[in-house]
Amino acid sequence: MPVSFTAAEIAQKYDSLAAYYDRVELAAEFFLLSRLRRACFRRATGDVLEVAVGTGGNLKFYRAGCRITAIDVSQGMLEQARRHAEKLKLKVDFQLMDATALRFPDNSFDTVTSSLSTCTFPDPIVVLREMARVCRDDGHILLLEHGRSSVKLFGWLQDRLADWHARRVACHWNRDPAGMVLQARLRLLSDQAHLFGVVHMIEAAP
């Protein structure tokens, strides 16, 4: 059986990682992720909800005029994101919240976003359905996610090391992001794969 974690255990793990998380991700951000974040999240408009905001790596890519609400289950990550927003002089409504039970009414946001998060959720299908619930009917859901490589050897290695990796950082790196979007009964509008099919830039709708 794959390794699994409760929301509280995930929060505790990311609280411990928060202070140096950005340094660990520095190389990936420089060579690929920053470019993809820009391409993905520059498309957000209006009232925006970012789910699992982490340290706030996406904040600088939202267009002026977006009204941003950002949630995370980790207080430590939220504190890092608040500092990031202050440096950018952005007004963001940060809230500590479990993504499996979003405390927002139906149809609250024009755009719902998340990045590198479906790998960590204990039940990503529930979270994706919650994203769809709070997204307006004419809105869109923007995801930048990673999953199992489409290259046979890389995918096999991810499967072999999946439990080891999950125990370290509560990340299930061999999930199928586009497949989960479909399983959650969202409309998959586009799925652009990068880095041997590992990183996916997804646009979906309720």
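This is a short tour of the structure, one selection after another.

Before you click anything, note that you are looking at a predicted model, where local features need pLDDT of at least 70, side-chain atom pairs count only at pLDDT 80 or more, and totals for chains, interfaces and linings use all residues. Residues are numbered from 1 along each chain as its sequence is written, and side-chain values use heavy atoms, with hydrogens and water left out.

**Whole chain**

Start with the cartoon. You should find 7 helices and 7 strands, where helices (H or I, at least four residues) and strands (E, at least two) are DSSP runs numbered from the N terminus. Going along the sequence, they come in the order α-α-α-β-β-α-β-β-α-β-α-α-β-β.

Switch on the surface: its accessible area is about 10,400 Å², with 55% belonging to carbon and sulfur atoms. That area comes from the Shrake-Rupley method with a 1.4 Å probe; for residues, only the protein chains shown count as cover. Of the 206 residues, 52% are buried; buried is under 20% relative accessible area, exposed is over 50%, and partly exposed is in between (1.4 Å probe, protein chains only). For contacts (heavy atoms within 4.5 Å), take the pairs at least 6 apart in sequence: 67% of them join residues at least 24 apart.

**Helix α1, at A7**

Select A7, which sits in helix α1 (residues 7–17). This alanine is partly exposed, at 23% relative accessible area. Leaving out residues up to four places away in sequence, A7 touches V73, D98 and P122. Now draw a distance to A99: the two are 92 residues apart along the chain, yet their C-alpha atoms are separated by 9.0 Å.

**Strands β1, β2 and β3**

Next, pick strand β2 (residues 67–72), where 5 of the 6 residues are buried. Two strands count as paired if DSSP finds at least two bridges between them. On one hand, β2 runs parallel to β1 (residues 47–51), joined by 5 bridges; label L49 and you'll find its bridge partner T69 in β2. On the other, β2 pairs with β3 (residues 92–96), again parallel and over 5 bridges. Here, I68 has V92 in β3 as its bridge partner.

**Helix α5**

Move to α5 (residues 124–134). It is largely enclosed by the rest of the structure, because 8 of its 11 residues are buried. Show P124, I125, V127, L128, E130, M131, A132 and V134 as sticks to see the buried set. These residues pack against β1, β4 (109–115), β5 (135–146) and α7 (177–183).

**Helix α6**

Now take α6, residues 152–169. Its 18 residues reach 24 Å from first C-alpha to last, close to the 26 Å expected at 1.5 Å a residue; the expected span is 1.5 Å times one less than the number of residues. Where is the kink in α6 centred? Go to L161, where it comes to about 55 degrees. The bend at a residue is the angle between axes fitted to the seven residues ending there and the seven starting there. Colour the buried residues of this helix: G155, Q158, A162, H165, A166 and V169. Just past the end of α6, A170 takes a positive phi of about 55 degrees.

**Cysteines**

Finish with the sulfurs. How many disulfides are there in the whole structure? The search finds 0, a disulfide being a pair of cysteine sulfur atoms within 2.5 Å. Why is C119 unbonded? Its closest cysteine sulfur, in C171, is 3.5 Å away, too far for a bond. C119 is buried, at 2% relative accessibility, and C66 also counts as buried, at 15%.
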